[in-house]
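This report looks at the surroundings of the ligand and then at an annotated site.

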Amino acid sequence: MTESTTPPTTEPTTDQPVLVLNAGSSSLKYQLVVPESGHVLASGTVERIGEGGGGPADHAEALQQMQQRLRDDGVDLQAVGLRAVGHRVVHGGPDFSDPVLVDDEVLSRVRDLVPLAPLHNPGAITGIEAAQEAYHVPQVAVFDTAFFSDLPAAAATYALPRDLAREHRLRRYGFHGTSHRYVAGATADLLGRPLADLDQVVLHLGNGCSASAVHGGRAVDTSMGLTPLEGLVMGTRSGDVDPGLHAFLHREAGLSLDEVDELLNKRSGLQGLAGVNDFREVVRRKDAGDDDARLAFDVFVHRLKHYVGAYLAQLGRLDVLVFTAGIGQNSPPVRAAVVEGLGGLGLSVDPERNEARSSEARVISPDGSPVTVAVVPTNEELAIARQAAEVLSRG
Ligand code: ADP
């Protein structure tokens, strides 16, 4: 039972933490965190898995390296009373709308989704298998698509032949859902208003970027689709392009479909336009007079405005526009540019509030604005840990 009278913990190690794992194909991000207090005992990334050159051979070895690092930091996984392992799984397909306790059946269903997420789900599967071997505690899978699993049909459906779509499970799934859900909730807390009463547009702007429209805590639209390629301009991903581009590049530039896929995922976006995917560097070059960087910034913002306008129309009204993730939390010029000229729609930022550096959730629009503009830090690890704990408490 959690009661509001529970005193704050004075000795965090007496609380059982959750180990949150985000296993990619060649990296393993980890965080050991107490879900209730948010106290982080340790975090880090093991890289170059399976790439030779002294990196770990596989995810099992990566977990051993992680454990060694934890020991070096004075954290003994056996002694802390590990409660569960929470796994970030990118693609939950049409089935998974909630976090689940991993068993053989779940694992086989996640495996069945590999065709939908060939770059992402295999890493998660090997991560889960390695953690099952290493830690005899409950394993919980938390899906990046879950928050969007009940998008309205009109938002989730591509205008494709129905039979083909059904056979191949083609629909708009959306990603970054753990972040969008967490930030929507944290925004309601910041404003001191019930989540159920709010219409929000959430802009998650990190290396990957996505937007969502959230009505009463429920996602009603999102910018990523079947894959994380759709939507906003990102570090190395193009986001929306004319679907005719693929055939054109095949015909005219002689690219295979795999090469087009690689081009749009790895060499486009800010990287393609400005020659660099790190947003800080894009802004630095733009400010130094680099025309490519200026255009990259402008295209990035233009696409953002496009989605803000679209979601305003989908929602019919808007209480709050929220910026989160690396760029959203740290780039005043992007936030200012997105709302520039939108005063007529009730959107503006107070320059001083927008420029102020802070790691806290905060409002950056002027007092009394028709629409609140906010910066709310995301915390996907904590969100995963909390969801894992919740699954356990359900029994
Ligand atoms: P990931 O999607 O990998 O979690 P992050 O949320 O950490 O990524 O976001 C990374 C992006 O945030 C990078 O493009 C980085 O340049 C950008 N970023 C980080 N700090 C700043 C800053 N102070 N100003 C502008 N952009 C920033």
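## Ligand shell and annotated site

By class, the shell around the ligand comprises three nonpolar, seven polar and two charged residues, where Ala, Val, Leu, Ile, Met, Phe, Trp, Tyr, Cys and Pro count as nonpolar, Asp, Glu, Lys and Arg as charged, and the others, Gly among them, as polar. The model is predicted, so that local features need pLDDT of at least 70 and side-chain atom pairs count only at pLDDT 80 or more, while totals for chains, interfaces and linings use all residues. Residues are numbered from 1 along each chain as its sequence is written, and side-chain values use heavy atoms, with hydrogens and water left out.

The residues around the ligand, each with a heavy atom within 4 Å of it, are G206, N207, G208, N277, D278, F279, R280, A325, G326, I327, N330 and S331. Polar contacts (pairs of N or O atoms within 3.5 Å) to oxygen atoms of the ligand are listed here.

| Residue | Protein atom | Distance |
|---|---|---|
| N207 | side-chain N or O | 2.8 Å |
| D278 | side-chain N or O | 2.6 Å |
| R280 | backbone N or O | 3.3 Å |

Taken alone, the ligand exposes 580 Å², of which the protein buries 71% (Shrake-Rupley method, 1.4 Å probe). Helix 12 (325-330) and helix 10 (279-287) each give two or more residues to the shell, and helix 12 gives the most, with four residues; helices are DSSP runs of H or I with at least four residues, and strands are runs of E with at least two, numbered from the N terminus.

An unreviewed UniProt entry places the feature "active site" at D144, although such annotations may be inferred rather than shown by experiment. D144 lies in the loop between strand 6 (139-143) and helix 4 (153-156), and D144 is buried, with a relative accessible area of 2% (buried means under 20%, with a 1.4 Å probe and protein chains only).

How values were computed. Polar contact = N/O pair within 3.5 Å; in protein donor to acceptor, adjacent residues only side chain to side chain. Buried < 20%, exposed > 50% of the residue type's maximum accessible area, 1.4 Å probe, protein only.
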